[in-house]
Amino acid sequence: MARCAGSPRVTCVGWIQVGLVAALLFLAAPALADKVLVLPFQGQGSATSAELDEARVATRTAVADLSHAAPTEAEVVTAQVAVKDGVADTSEEYRAAGRASSSDWTVGGHVEEHGTTYRLELEACQIASGRVESLAREIDPAQSRKQIGEMLAILLRPQGIANAEIPWERGGSSPVSPPAPPKERPPPIPAAPKAPPAPPSPPAVRHPYAENAPWALGLDGSVLGAIQRAANAVGSSASATLGGTLAYALGAVPGLELRADGGGTVAGPRSFSLEAGARYAIPIAPAIRLFAGPEAELGTFLTFSGDKTARFLVQGAAFVALGIGEHLQFELAGNIDYAAGSASLVLGGGTARALVRF
């Protein structure tokens with residue numbers, strides 16, 4: 001038989017056989033890797049979403065450690081949409097998710113929190129056959145990658161679990177670490193003392209009319225015009241008057257004030273009036289001593305030009321008074337005066353007044 005040069009003991013046929021075996025092994029190695037879809041895990045008891053995500057990430061890492069491939073994120077989303085009720089828990093739903101992501105296996109999980117460890121149940125569905133098998137064990141988070149890898153190595157086999165030994169059920173591989181001693185919590189930081197609530201604002205002071213100053217003396221000026229006068233009257237009917245006021249507010253009836261007024265013309269038909277009466281001040285804004293109300297007086301009206309006579313006078317007014325402190329008061333009033341006589345007069349106009357209270 002011919003021999004290869006430089007190899008006295010190995011035939012050419014032998015080298016060819018070795019090469020073929022190596023090539024077959026090289027080509028077969030990638031075929032051993034499957035595509036494995038790991039679906040979102042379900043929680044039981046008090047398991048939190050963070051613990052579910054942690055267990056799922058450990059499972060996906062263990063799949064990669066076993067040289068299996070994972071679907072893309074887009075394929076994962078497509079697979080989750082393929083599960084009609086959102087939770088894969090039947091063979092049909094597992095297969096639908098696997099086909100949607102072009103996977104060979106679909107893996108789901110159930111997590112139950114046990115303090116420093118958690119119980120993990122993995123379900124693996126072989127897409128081609130629809131076979132669903134499960135394994136469960138207690139997982140130490142510090143060794144989750146290794147322990148979950150041992151579970152997947154048994155589940156992701158063409159023959160399934162079959163008669164495989166379960167090492168953790170006989171106390172074999174990867175015992176669960178003893179619980180870590182509880183961490184001492186630092187003493188709570190005392191809360192900063194709360195500032196006392198601000199005292200409520202005092203209520204606005206409501207000043208009564210003529211507060212602490214019942215007497216008043218004042219000066220006023222009026223502008224009047226005849227609304228009605230004698231038919232034979234001539235000349236302007238408008239007049240301007242200056243006058244004075246004496247007033248006393250009754251403490252027993254707040255707002256009621258007795259008044260006496262007198263005044264004479266400084267422009268227009270000459271006249272003089274003297275009257276007395278009362279007013280009632282209604283608080284409009286007592287915090288700023290603003291009052292308003294009606295006023296009525298009776299008296300006499302004397303004319304010194306034209307029809308020189310004395311007439312009975314009835315005067316009505318509506319006033320607004322503003323106190324500046326307790327001792328100064330300003331007023332505006334609208335007047336209607338009726339002077340009875342052989343030729344009655346009706347006068348209308350306005351009055352501005354300043355008073356000193358004491």
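**Entry 1: the cavity**

I began with enclosed space, and the largest cavity in this predicted model has a volume of about 90 Å³. Searching the whole structure, I found 1 cavity of 30 Å³ or more. I then looked up what surrounds the largest cavity and noted 14 lining residues, with Ala210, Arg289, Gly323, Gly325 and Gln329 lying nearest its centre. The elements that give two or more residues to this lining are β12 and β13, and the largest share, 3 residues, comes from β12. Sorted by class, the lining of the largest cavity holds 7 nonpolar, 3 polar and 4 charged residues.

**Entry 2: the largest pocket**

Next I turned to the open spaces, where the largest pocket has a volume of about 770 Å³. I noted 45 residues lining the largest pocket, and the closest to its centre are Ser271, Phe301, Thr303, Leu345 and Leu347.

Which strands supply at least two residues each of the lining of the largest pocket? I listed β6 (215–228), β7 (239–249), β8 (256–267) and β9 (271–280), and further along the chain β11 (290–303), β12 (310–324), β13 (328–340) and β14 (345–357). Among these, β8 gives the most to the lining, with 5 residues. I also recorded that β12 and β13, which appear in this list, are the elements noted earlier for the lining of the largest cavity. By class, I counted 15 nonpolar, 19 polar and 11 charged residues in the lining of the largest pocket.

**Entry 3: the second largest pocket**

I looked up the second largest pocket as well, and about 170 Å³ of space lies in it. Its lining has 13 residues, of which Pro40, Gln42, Gly86, Val87 and Ala88 lie nearest the centre. Strand β3 (residues 105–114) contributes the largest share of this lining, 3 residues. The classes here are 6 nonpolar, 6 polar and 1 charged.

**Entry 4: a pair of helices**

Last, I followed helix α2 (residues 49–65) to where its axis comes within 8 Å of the axis of helix α5 (residues 144–155), and I noted that the two cross at roughly 65°. The crossing of α2 past α5 is right-handed. On the α2 side I found Ala55, Ala58, Thr59, Thr61, Ala62, Val63 and Asp65 making the contact, while on the α5 side the contact is made by Ser144, Arg145, Ile148, Gly149 and Leu152. Taken by class, this contact of α2 with α5 has 6 nonpolar, 4 polar and 2 charged residues.

Terms used: Residues are numbered from 1 along each chain as its sequence is written. This is a predicted model: local features need pLDDT of at least 70, side-chain atom pairs count only at pLDDT 80 or more; totals for chains, interfaces and linings use all residues. Side-chain values use heavy atoms; hydrogens and water are left out. Axes are lines fitted to C-alpha atoms, for helices over the stretch in contact, and angles run from 0 to 180 degrees between N-to-C directions. Helices (H or I, at least four residues) and strands (E, at least two) are DSSP runs, numbered from the N terminus. A crossing is left-handed if the near helix is turned anticlockwise from the far one by less than a right angle, and right-handed if clockwise. Contact means heavy atoms within 4.5 Å. Ala, Val, Leu, Ile, Met, Phe, Trp, Tyr, Cys and Pro count as nonpolar, Asp, Glu, Lys and Arg as charged, and the others, Gly among them, as polar. On a 1 Å grid over the protein atoms alone, a cavity is a set of points where a 1.4 Å probe fits but cannot get out, and a pocket is an open set with protein on both sides within 12 Å along at least five of seven lines; lining residues have an atom within 4 Å of a point. Grid points are joined across faces, edges and corners, and a volume is the space filled by probe spheres set on the points.
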